[in-house]
Amino acid sequence: MSGEVTVTGFGVRTAFGRGADALRRGVFAGVPSFAATTRFDTGPYRTAMAGAAVDGPDAVEGWALRHALAECGAEALSMAGLAPGAEAAVLLGVAGDHTSVTRYWRGVGSDGRCGSVVAGCAHAAEPQMSQPRAPEKQPVRGASTDTERVARAGTAASRERVTDARPAADTQRVRDATPVDTRRVADAVPAQLTELLAGELGLVGPRLTFTNACVASAAAIIHACRLISSGRIDVAVCGGGYLVEEETFGKFDSGRALSRDGMVRPFSADRTGLLLGDGVAVVVLESAEHARRRGARPLAAVVGWGAASDAHHIAQPHPEGAGLARAARQAMRLAGDPDGDALDYVNAHGTGTKYNDGAETRGLRAAFPKRAESIPVSSTKSTTGHLLEAAGVVEFVITMLALTDGVLPPTAGFTAPDPECDLDYVPNEPRRTDPRRALTVNAAFGGANTALVLERP
């Protein structure tokens with residue numbers, strides 16, 4: 001590398017609360033965050049469980065992604081000692097905040113109004129119907145209405161500009177039709193959240209948004225490391241966010257990916273699936289030279305990164321973990337340790353699904369054929385749930401804390417071992433150790449895989 005990359009600040013928020021201490025009380029203690037969420041009506045779905053912050057429908061506005069990202073970003077800048085107005089690239093991994101869109105469509109039909117009003121496409125010239133419009137049919141348990149839901153949400157988001165051009169009377173009709181704040185409909189567009197974060201933090205520099213599912217925020221970090229190590233930028237603010245909401249919850253439910261018993265047991269023989277969770281994090285990355293010049297304290301160094309795609313299946317990982325193994329080998333070669341001789345810990349993707357965990361185990365064996373059995377591996381999704389686009393950056397922070405605290409987070413809920421999953425998964429209890437170098441890996445639909453190597457300063 002032509003330039004070393006260092007971490008100088010972070011902010012993080014999960015269902016356990018804000019900051020590192022909340023992660024220590026939850027993730028590092030092996031305490032799952034899962035409970036029945038009241039954020040939306042879970043009656044139509046097979047489970048109500050999620051790793052979501054405890055709040056009711058009225059309180060969830062404080063968890064709007066725009067607010068949570070800004071909060072974590074401000075904490076990261078403060079820890080790094082960077083003032084608003086600093087020159088820094090902003091790179092965000094996010095799929096957008098669809099809460100307002102979904103709430104609107106959930107309320108369609110309750111008063112006979114056309115749901116397309118929110119998209120600015122009310123047809124005032126249409127004749128009045130002699131009978132009131134029938135309420136939208138509610139989905140039955142186990143049924144999928146996701147195609148319809150996604151199509152409507154996409155229409156609402158893509159036509160927001162039309163709404164802005166409508167007369168004030170139409171705007172008032174939108175507000176009368178539903179309690180949803182329609183100004184937040186644009187937050188469903190991922191790049192909008194990156195712009196909002198950069199603006200809220202007062203940062204000057206390039207802005208990029210990554211939408212490649214569960215590797216999105218890890219991809220943002222990798223791209224920032226490439227920019228910093230090549231000398232093109234000095235500072236990058238990287239983040240990601242996902243908050244449990246109904247649209248994605250419904251998709252995973254209809255795909256039968258959610259755990260049937262309300263627990264996530266990665267790598268265990270009796271695992272039944274994943275659960276979604278709240279996660280938002282922002283990290284400040286700098287060139288080591290830039291950090292030294294301004295006297296910033298390095299929290300960790302990013303010494304390797306890799307990305308690979310196996311394109312095996314739209315949803316299932318390659319059965320041998322081929323893409324994950326390639327990404328891990330890339331990262332370790334860049335770190336100057338191709339065989340993983342100095343690797344002390346791996347934070348696994350570990351979703352708790354039948355397909356992922358066996359494939360990931362085989363991928364790690366392929367990446368480290370000489371050392372795989374001796375390297376501790378754990379899945380922190382067993383406590384946080386799957387954070388989707390935020391998984392990469394939140395697990396990056398967790399991995400960094402493992403290095404600084406000298407504690408490996410456990411794989412919670414581990415029960416009977418699976419013959420296909422035969423590594424050291426740090427079952428159920430945290431492990432005191434002295435790790436100096438750790439790897440964190442993530443995988444996503446479509447065969448995307450990422451790997452990041454962190455080192456204690």
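Is R294 buried, partly exposed or exposed? In this predicted model, R294 is partly exposed, with a relative accessible area of 28%. Its salt-bridge partner is E286, a residue of strand β8 that stands opposite V235. The points below begin with the strands and helix around that position and then turn to aromatic pairs, salt bridges, backbone angles and cysteines.

**Strand β7 and its neighbours**

- Strand β7 spans residues 235-242, and eight of its eight residues are buried.
- Burial applies to both faces of β7: V235, V237, G239 and G241 lie on one side, while A236, C238, G240 and Y242 lie on the other.
- Strand β5, residues 89-93, pairs with β7 in the parallel sense over five bridges, and A89 has A236 as its bridge partner in β7.
- Strand β8, residues 279-287, pairs with β7 in the antiparallel sense over eight bridges.
- Within the pairing of β7 and β8, V235 is set opposite E286.

**Helix α8**

- Helix α8 comprises 14 residues, 216-229, and covers 20 Å from its first C-alpha to its last, close to the 20 Å expected at 1.5 Å a residue.
- The helix is mostly covered, with twelve of its 14 residues buried.
- Among the buried residues of α8 are A216, I221, I222, C225, L227 and I228.
- Just after α8, G231 adopts a positive phi of about 85°.

**Aromatic pairs**

- The structure contains five aromatic pairs.
- One of them joins F40 and F249, whose ring centres are 5.2 Å apart with planes at 70°; the pair is therefore edge-to-face.
- This contact links distant parts of the chain, since F40 belongs to the loop between β3 (35-36) and β4 (49-50) and F249 to helix α9 (residues 246-254), 209 residues apart.
- Both F40 and F249 are buried.
- The rings of F252 and F445 have centres 6.4 Å apart and planes at 25°, so this pair is stacked.
- F252 is located in helix α9 and F445 in the loop between β14 (437-444) and β15 (448-455), so the stacked pair ties together parts that are 193 residues apart in sequence.
- F252 has a relative accessible area of 14% and is therefore buried.
- A single aromatic cluster is formed by F40, Y45 and F249.

**Salt bridges**

- The whole structure contains 29 salt bridges.
- One of them connects E71 and R13, with the closest N and O atoms 3.0 Å apart.
- E71 sits in helix α2 (residues 65-80) and R13 in strand β1 (residues 5-14), so this bridge ties together parts that are 58 residues apart in sequence.
- The two partners fall into separate burial classes: E71 is partly exposed, with a relative accessible area of 22%, whereas R13 is buried, at 14%.
- R13 and E71 also belong to a network of salt bridges that includes R18 and E75.
- In the bridge between E286 and R294, the closest N and O atoms are 2.4 Å apart.
- E286 is buried, with a relative accessible area of 0%, while R294 is partly exposed, at 28%.
- E420 and R362 meet through their side chains in a salt bridge of 3.8 Å, N to O.
- That bridge links distant parts of the chain: E420 is in the loop between β12 and β13, and R362 is in helix α12 (residues 354-367), 58 residues apart.
- Relative accessibility is 41% for E420, which counts as partly exposed, and 26% for R362, which also counts as partly exposed.

**Positive phi outside glycine**

- A213, a residue other than glycine, has a positive phi near 55° and is placed in the loop between β6 (207-210) and α8.
- V426 is not a glycine either, yet it has a positive phi of about 45°.
- V426 lies in the loop between β12 (407-408) and β13 (431-432) and counts as buried, because its relative accessibility is 1%.

**Cysteines**

- The count of disulfides is zero.
- C72 is buried, with a relative accessible area of 0%.
- C214 is buried as well, with a relative accessible area of 10%.
- C238 is among the buried residues of β7, and C225 is one of the buried residues of α8.

Definitions and conventions:
Residues are numbered from 1 along each chain as its sequence is written. This is a predicted model: local features need pLDDT of at least 70, side-chain atom pairs count only at pLDDT 80 or more; totals for chains, interfaces and linings use all residues. Side-chain values use heavy atoms; hydrogens and water are left out. Helices (H or I, at least four residues) and strands (E, at least two) are DSSP runs, numbered from the N terminus. The expected span of a helix is 1.5 Å times one less than its number of residues. Buried means under 20% relative accessible area, exposed over 50%, partly exposed in between (1.4 Å probe, protein chains only). Two strands pair if DSSP finds at least two bridges between them. A disulfide is a pair of cysteine sulfur atoms within 2.5 Å. Rings of Phe, Tyr and Trp (its six-membered ring) pair if their centres lie within 6.5 Å; planes under 30 degrees apart count as stacked, over 60 as edge-to-face and the rest as tilted. A salt bridge is a side-chain nitrogen of Lys or Arg within 4 Å of a carboxyl oxygen of Asp or Glu.
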